[in-house]
Amino acid sequence: MYKTKQLWTPLSSVFRGVLPTTCSLASFTANSQFPSLSSHRQSSSRVPPRYGLNFSPYSKFPLLRFCSQSAAKLDSTTKRCWNCVAPGSMPFLYCDSCRSIQPVDLSIDYFQIFGLEKKYEIEVDGLERKYKDWQKKLHPDLVHSKSEKEREYAAEQSARVIDAYRTLRKPLSRAIYILRLEGVDVDEEQTVSDPELLTEIMEIREAVEEAPDSQALNQIQSRMNEKLEETSDSFANAFQKRNFDEAVTCIQKMTYYQRASLCCSCNVIMGSATLRIEEMITTDV
Amino acid sequence: MLRLVANRLLGTASGEVLKRPLQVLPRFYHENVIDHYNNPRNVGSFDKNDPNVGTGLVGAPACGDVMKLQIKIDEESGKIVDACFKTFGCGSAIASSSVATEWVKGKSMDEVLTIKNTEIAKHLSLPPVKLHCSMLAEDAIKAAVKDAEAKRAKMKPSPIEKAADV
């Protein structure tokens, strides 16, 4: 069992990278199936490390096979659901013809999963409903009786939809993600030394620590949420102008405001927990 | 479901049952870190406007950490006679900056510029994921020294002025 898994995992991960765009709604050309051929910047940053940045999908096959003719040929054979191979079934995450879950295709980005244009500003309200609709089709609980292969697809596919939902729902994670799609990674470990921003943050954090009661904390928190919104708008602006340096700065600010907001919540909880404990101690039992 | 995904990721045999969703080695804070967290040394603030005080203010946006490290310079010798810090962040960040304030005391500004984050990390046995905390502390030292030197440069009368005084 393990042996076949060994064989299966690399192959499937290979094919996952290739089976693609038939499963997507975007207008991908046939050439985009072969990252090693296309000159456009493949979203290698979307690909998690275990798949490798330079995966050559057909490493098992001689490179000579990479030509447009074979591309067209393969195209016609891969435009199918793995299960029902219904002609022109064009499954997107899920095949409606035979109701089977498809393997994860990493070339489909989170926006596509939710049927959204790749823009920073999105309708967050519609996300939840779409998310639930997907889970009604993809959730592992629905495939208990199906093959192990499909159960694995369900696990991975629904996990990916969860990731997509979580990422797109919040402005900060959405901002980081959409930048990454453009090939810009916010360097997590880069030290920031902008004195103005840091002094501001320092003062806010000190205020949070020294806040006398929940009311004060809530006030600080609403200020932080305001700042988050402002900076989110600045990000949208910068991103639209493709001023990525400015966009990264906005993300850094948003991270700080979000963190401060989180600290407010924590302190509120701690405060009320302390009050409850004091209550319990002083109340005659 | 998570176990299933984790099993595939880790390539473990199907028979094995993972007790934890992800196979994470138990990591504990080194006793030095706990010590610095429970008994923080040198927490506080100096007057930012004091000409003999250098202030280093740095941040790590990924975790929302912010670290302030201040040094007090002896006017004549140019050595660091006192240091304090204020850090909002994780235990490792707090411990790193605490260690930094201990190590800079009594040294010259040139000397403390040679303090490397790897030494701090080693002293605290920081795991890889927390190495950037020690980097932050190193950056804070450098920023404080830079600020102190800039202030000292402003204070020193220029040779021309000195000659004019005579």
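Guide: Buried means a relative accessible area under 20%. The model discussed here is predicted.

Visitor: Is B:C90 buried or exposed?

Guide: The relative accessibility of B:C90 is 18%. The cut-off is under 20%, so B:C90 counts as buried.

Visitor: How many disulfides does the whole structure hold?

Guide: A disulfide requires two cysteine sulfur atoms within 2.5 Å. For A:C266, the closest cysteine sulfur belongs to A:C263 and lies 6.1 Å away, which means it is too far for a bond. B:C90 is likewise in no disulfide, the nearest cysteine sulfur, that of B:C133, being 3.6 Å away. Over all chains, the number of disulfides found is zero.

Visitor: Which helix supplies the largest share of the largest nonpolar core?

Guide: This core has 62 residues, and those with the most contacts inside it are A:I113, A:F114, A:L179 and A:F235. Several helices of chain A each supply at least two of its residues, among them α3 (110-113), α5 (148-169) and α8 (214-240). The largest share, 11 residues, comes from α9(A).

Visitor: How many residues are in the other core, which includes B:V33?

Guide: This core lies apart from the largest one. Its members include B:V33, B:A95, B:L126 and B:A144, and its residue count is 30.

Visitor: Which residues does A:F114 contact, leaving aside its neighbours within four places in sequence?

Guide: A:F114 is one of the residues with the most contacts inside the largest core. With those sequence neighbours left aside, A:F114 is in contact with A:L127, A:K130, A:Y131, A:V161, A:A164, A:Y165 and A:L168.

How values were computed. Residues are numbered from 1 along each chain as its sequence is written. Chains are lettered from A and ligands numbered from 1 in the order in which they are written. This is a predicted model: local features need pLDDT of at least 70, side-chain atom pairs count only at pLDDT 80 or more; totals for chains, interfaces and linings use all residues. Side-chain values use heavy atoms; hydrogens and water are left out. A nonpolar core is a set of buried Ala, Val, Leu, Ile, Met, Phe, Trp, Tyr and Cys residues joined through side-chain atoms within 4.5 Å. Buried means under 20% relative accessible area, exposed over 50%, partly exposed in between (1.4 Å probe, protein chains only). Helices (H or I, at least four residues) and strands (E, at least two) are DSSP runs, numbered from the N terminus. Contact means heavy atoms within 4.5 Å.
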